[in-house]
Amino acid sequence: MHSLSVFGTSSDAGKSTLSFALTYLLHQRGLHVAPFKAQNVSNNSLVTDSDNGEIAIPQAFAAEAIGLKTTPLFNPILLKSGPKNKAHLIINGKALQDTDVREYFKNIDTLKPIVKNAFESLQKEYECIVAEGAGSPVELNLMDKDLSNIYVAQAFNTKIVLVADIQRGGVFASIYGVYNLLPDKLRKNVIGVIINKFQGDISLFDEGITIIEEDFGIKVLGVVPFKPFNLGFEDAASLMGYTQDISKAIIKVGVIKLPHISNFTDFEPLIVDKEIDLNFITSPNQAALCDLLIVPGSKRVIEDLFWLRERGFEAVLTDKKRHIIAICGGYEMMFENILDEEQIESQNKLVRGLGRFKGSVTFQKEKILKKGCYNQQGVMVQAYEIHNGVAKKRSKKKKNLYGTFLHGIFESDAFRYKVFHALNKHYKGYNFKRLKQKAIAEFAEHIALHVNIDAIAKALKR
């Protein structure tokens, strides 16, 4: 059986959600299937169930949706933002030193065996790998450096599904261009194209389907109407596309949108909570309207602390009357000092923090990666840690301020209820796990209704 590559005809075409949905639907058909992305560029990651590694959110989300334990094999190479022209490199779930971006691409061939070993390891266990691509597969000046699209498709002879975003405009040019710029061998492996994010009367695109199939020679596997899916966000760009029904909201929450915000999937349980009006804010004036402020995780804590000060947030965050939750990088900012003697994050060895908690946070080279059950304010929560900063306590509570290294705390119904009921006694809460399972099933059903899954499954077996 062939594995499947999912290529976008542009960035943000919906590859991640379509890859997840196809993985889910093929699993439902009885195939032993696993998600994969050779190389991901994202500050958003999770700790894996095996090996205590870290991988990007989409592959972790797709795996968990079908009951798979997560492993670094699903995303063997992960890049996070680093200082200046550098990137934070994570190989097989473990962080290495920061690398110059130019050097990274210059040495790309040394990374191909890592991708190959991961993919082949998965092939020993699974019938089919659904490999998500990255950006456009036909950036001609970078095709020899493309690990997620061209390399995987050529090395493993995968079948290919194209995903085109019709909202962007230029959908015909993007489909025709990508298809015809693919190497001949890969063009023959294209099963067809999915037209994604359609809004309006689908029958109006009937002529478009005819043009793509008859003039371009590419099978249209489906036209998918736009449907919000507020889970499994890969990056800040996709996150900002979330939708909320705030007609019944009783609590306004502001998350400070740091320039290097990370692990923003922390807030998915709040986005889908009908009693919460969630806003990502960038100015102190917006903070004045919020019942609760959240300082989120950050990949560049010191830089983002400077940004907060430049924006005028220090007065807001040191106001003891305000209700504030600070998570991971945000928690680190709340201490009196941040010590970075080994210059893990910046050239600043000592930086004054916001001083809400006594003592210092010290950055160490070895990243802490943990996943488990933790006691938070008397509530047991399933959560995870990804941080270089070290403090005496994992979490602290001081009047209206609560800080913690833990990500994923809002997935706990009991913890959410404790926090928000204290802010508003009318807050009732909801079952996040049940809502998540329902949302996944409904979105997959939506895709199955509009995409020819039979044609994809049949092509994989050829």
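Lys106 and Glu103 join their side chains in a salt bridge, with 3.3 Å from N to O. Please keep in mind that the structure you are looking at is a predicted model.

Why do Lys106 and Glu103 lie about one helical turn apart? Both belong to helix H3, which covers residues 101-106, and they are separated by about one turn because they sit three residues apart in that helix. Their surroundings are worth a look too. Lys106 has 60% relative accessibility and therefore counts as exposed, since the cut-off for exposed is over 50%. Glu103, with 34% relative accessibility, counts as partly exposed.

Now to some other pairs. Lys112 and Asp109 also meet through their side chains in a salt bridge, and so do Arg168 and Asp165. Here are the three pairs together:

| Basic residue | Acidic residue | N to O distance |
|---|---|---|
| Lys106 | Glu103 | 3.3 Å |
| Lys112 | Asp109 | 3.1 Å |
| Arg168 | Asp165 | 3.4 Å |

Is Asp165 buried or exposed? Asp165 is buried, as its relative accessible area is 5%, and buried means under 20%. Its partner Arg168 is partly exposed, at 47% relative accessibility. If you have the model open, this pair lets you view a buried acidic side chain together with a partly exposed basic one.

Salt bridges can also link up into a network, and one such network holds Glu54, Lys80 and Lys367.

How many salt bridges are there by this rule? The count comes to 21, and the pairs in the table are among them.

Note on methods: Residues are numbered from 1 along each chain as its sequence is written. This is a predicted model: local features need pLDDT of at least 70, side-chain atom pairs count only at pLDDT 80 or more; totals for chains, interfaces and linings use all residues. Side-chain values use heavy atoms; hydrogens and water are left out. A salt bridge is a side-chain nitrogen of Lys or Arg within 4 Å of a carboxyl oxygen of Asp or Glu. Helices (H or I, at least four residues) and strands (E, at least two) are DSSP runs, numbered from the N terminus. Buried means under 20% relative accessible area, exposed over 50%, partly exposed in between (1.4 Å probe, protein chains only).
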